[in-house]
Amino acid sequence: MATVDIMIFSFVLVSGVLNVSLETVSGSSQGDFKFDWRDYGVITPVYYDRSSVDNSASIVTAECVESLNAIQGKTKAIDLSWREVADCCKNYPSEPYWTWFECILNIGGLCTEADYRSGAGVCNNKTCTAVGKVTGNGIIPKGSENLMAEIIHQTTIVAYIDVTPESFQSYTGGIYSDRNCTPGGIYDHVVQIVGYGTEAGVDYWILKNSWGISWGEQGYMRLLRGKNICGISAMNIYPK
Ligand SMILES: *[C@@H]1O[C@H](CO)[C@@H](O)[C@H](O)[C@H]1NC(C)=O
């Protein structure tokens with residue numbers, strides 16, 4: 001019978017910020033552990049859209065706002081409108097993507113997916129009530145995977161990555177480590193980082209994708225951590 005580590009997560013609510021500390025209390029495996037926001041009910045169901053990098057950027061931006069508001073106890077994990085992100089934040093303010101949480105702050109927050117009426121490129125933020133709020137936009141310096149593992153305890157993270165390899169497109173499970181993709185500079189897809197862990201001595205990130213639940217591990221991927229695989233630490237932002 002396999003032995004596993006038993007983790008204890010303790011929660012302390014300090015001025016609206018959920019501080020999660022974890023410690024290994026027992027176990028005989030090789031230091032396996034996992035910190036996974038799915039375990040806390042703050043992640044919405046996996047979306048399906050394989051159309052464009054722009055759509056994935058909007059979807060993941062909305063998902064990070066959903067998760068932050070749920071982590072902070074302001075809302076349940078509800079679907080916020082990624083179409084509102086697309087309509088209102090495309091090219092905000094001039095350079096795409098880097099400051100989209102600032103854009104969301106600027107438009108007063110995001111409405112739910114159900115409430116937002118798509119403006120097909122025109123920002124319709126006045127026709128619905130914003131429920132997903134942010135206070136700012138955080139940018140993580142390139143290559144800071146240790147810092148990312150600290151920040152993930154407060155919020156989920158946007159990652160712009162290269163998903164060119166067929167092995168990524170058709171991934172079915174396990175810890176992905178194919179180096180056949182560029183380590184930054186080519187961004188053809190966006191994913192939400194929702195946790196990290198170590199299994200049998202191998203460090204990994206947990207990524208939520210938007211290619212439906214039949215891709216990967218129920219729509220998720222574990223990707224080798226600490227090696228900037230596919231540019232996982234090349235372009236990262238998060239909502240504050
Ligand atoms: C909609 O966005 C504009 C900025 O584009 C902002 O000035 C305005 O306050 C927002 N409206 C609401 C209802 O939040």
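How many residues does helix α1 have, and how far does it reach from its first C-alpha to its last? In this predicted model, helix α1 runs over residues 53-71 and has 19 residues, reaching 26 Å between its terminal C-alpha atoms, a span that is close to the 27 Å expected at 1.5 Å a residue. The helix is mostly covered, since 16 of the 19 residues in α1 are buried. Just after α1, G73 takes a positive phi of about 75 degrees.

Helix α1 also packs against α2, with an angle of about 115 degrees between the two helices and their axes 8 Å apart, and the crossing that the pair forms is right-handed. On the α1 side the contact is made by D54, S58, I59, T61 and A62, which meet W82, V85 and A86 in α2. By character, the residues of this contact divide into five nonpolar, two polar and one charged.

The loop between α2 (82-89) and α3 (100-106) holds K90. This residue counts as partly exposed because 16 C-beta neighbours lie inside 10 Å, a number that falls between the limit of 12 or fewer for an exposed residue and that of 20 or more for a buried one. Although K90 and W100 are ten residues apart in sequence, their C-alpha atoms are 8.3 Å apart in space.

The ligand is surrounded by seven residues, namely N106, I107, G108, C123, N125, K126 and A130. Within this shell, three residues are nonpolar, three are polar and one is charged.

Two alanines deserve separate description on account of their backbone angles. Most residues other than glycine have a negative phi. In A120, however, phi is positive, near 45 degrees, in a residue that is not glycine; A120 is placed in the loop between α3 and β4 (137-140), and A120 counts as exposed because 8 C-beta neighbours lie inside 10 Å. A200 likewise has a positive phi, of about 50 degrees, although A200 is not a glycine. The position of A200 is in the loop between β7 (189-199) and β8 (202-208), where A200 is exposed, because 9 other C-beta atoms lie within 10 Å and a residue with 12 or fewer such neighbours is taken as exposed.

Definitions and conventions:
Residues numbered from 1 in each chain as written. Predicted model: local features only at pLDDT ≥ 70, side-chain atom pairs only at ≥ 80, totals over all residues. Helix = DSSP H or I, 4+ residues; strand = E, 2+ residues; numbered from the N terminus. Expected span 1.5 Å × (residues − 1). Near = placed C-beta within 6 Å. Nonpolar A, V, L, I, M, F, W, Y, C, P; charged D, E, K, R; others polar. Axes fitted to C-alpha atoms, helices over the stretch in contact; angles between N-to-C directions. Left-handed = near helix turned anticlockwise from the far one by under 90°. Contact = placed C-beta atoms within 7 Å.
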